[in-house]
Amino acid sequence: QVQLVESGGGLVQAGGSLRLSCAVSGGIRSIGAMAWYRQAPGSQRELVASITLGSSTNYADSVKGRFTIARDNAKNTAYLQMNNLKPEDTAVYYCAADRSWYPGNEYDYWGQGTQVTVSS
């Protein structure tokens, strides 16, 4: 059974940094794409960043220049480095993974989410 376990969330002041990690385990040989989504209270879930097996990346306009997604294929782990955090970045962050390189928003596997809170 495939499991995604996120870590690294927490409370940080505006302007600070956090690094999220997502480890994938169980029954999946090759992960084509990994991504980070977030959902703030009262808002829809939105894509933050994605990365393919070939390290092609995509970012939401709101995080470009501040967030960096990376992955370690040998460890089946993805990371999200978040710098210059803003209060509007406050949300539950979810990791997602899929066998396809370009699954759109239809990722097969999801983590349980980790809370990121940015105080002003």
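This report walks through a predicted model, from its strands and sheet to its pocket and a few single residues.

## The four-stranded sheet

A good place to begin is the open sheet built from four strands in the order S1-S3-S8-S7, with antiparallel pairing. Strand S1 (3-7) and strand S7 (67-72) are the edge strands; each has a single partner strand, so one side of each has no neighbour in the sheet. On average, neighbouring strands of this sheet are turned by 15 degrees against each other, direction ignored. If sheets are new to you, it helps to know that their strands pair through backbone hydrogen bonds, in a parallel or an antiparallel way.

At one end of the strand order, S7 runs antiparallel to strand S8 (residues 77-82), and six bridges join the two. You can pick out one of the bridge pairs by finding Arg71, whose partner in S8 is Ala78.

## Two residues of strand S3

Strand S3 covers residues 18-25, and Ser21 is part of it. Is Ser21 buried or exposed? Its relative accessible area is 18%, and because buried means under 20%, Ser21 counts as buried. Setting aside neighbours within four places in sequence, Ser21 is in contact with Val5, Glu6, Ser7, Trp36, Ala78 and Tyr79.

Cys22 is also found in strand S3. With a relative accessibility of 0%, Cys22 is buried. Its contacts, again leaving out neighbours within four places in sequence, are Leu4, Val5, Glu6, Met34, Trp36, Asn76, Thr77, Ala78 and Cys95. Another way to place Cys22 is by its distance to Ala97: the two are 75 residues apart in sequence, while their C-alpha atoms are 9.6 Å apart in space.

## Strand S4 and its partners

Now turn to strand S4 (residues 33-39). Why is this strand described as largely enclosed by the rest of the structure? Six of its seven residues are buried, so the rest of the structure largely encloses S4.

S4 pairs with strand S5 (residues 46-52) in the antiparallel sense, over six bridges. Within this pairing, Trp36 has Ala49 of S5 as its bridge partner. Trp36 also appears among the contacts of Ser21 and among those of Cys22. The two strands S4 and S5 form a hairpin with six residues between them, and in the turn you will find Gly42, which has a positive phi of about 80 degrees.

S4 has a pairing with strand S9 (residues 91-98) as well, antiparallel and over seven bridges. Here Tyr37 stands opposite Tyr94 of S9.

## The largest pocket

How many residues line the largest pocket? There are 14, and those nearest its centre are Ser50, Asn58, Trp101, Tyr102 and Tyr107. S4, S5 and strand S6 (57-59) are the elements that contribute two or more residues to this lining. The largest share, four residues, is supplied by S5.

The volume of this pocket is about 170 Å³. By residue type, its lining holds eight nonpolar residues, six polar ones and no charged ones.

## Residues in the loops

Between S5 and S6 there is a loop in which you can find Ser55. Although Ser55 is not a glycine, it has a positive phi of about 70 degrees. Ser55 counts as partly exposed, at 47% relative accessibility. Asn84 sits in the loop between S8 and S9. Asn84 is not a glycine either, yet has a positive phi of about 50 degrees. At 42% relative accessibility, Asn84 is partly exposed.

One more loop residue is worth a look: Asn105, which lies between S9 and strand S10 (109-110). Not counting residues up to four places away in sequence, Asn105 touches Tyr37 and Trp110. Tyr37 is the residue that stands opposite Tyr94 in S9. Asn105 and Leu4 are 101 residues apart along the chain, and 17 Å separates their C-alpha atoms.

Terms used: Residues numbered from 1 in each chain as written. Predicted model: local features only at pLDDT ≥ 70, side-chain atom pairs only at ≥ 80, totals over all residues. Heavy atoms only, no water. Buried < 20%, exposed > 50% of the residue type's maximum accessible area, 1.4 Å probe, protein only. Contact = heavy atoms within 4.5 Å. Pairing = 2+ DSSP bridges. Axes fitted to C-alpha atoms, helices over the stretch in contact; angles between N-to-C directions. 1 Å grid on protein atoms, 1.4 Å probe; cavity = no way out; pocket = protein on both sides within 12 Å on 5 of 7 lines; lining within 4 Å. Points joined across faces, edges and corners; volume = space filled by probe spheres on them. Nonpolar A, V, L, I, M, F, W, Y, C, P; charged D, E, K, R; others polar.
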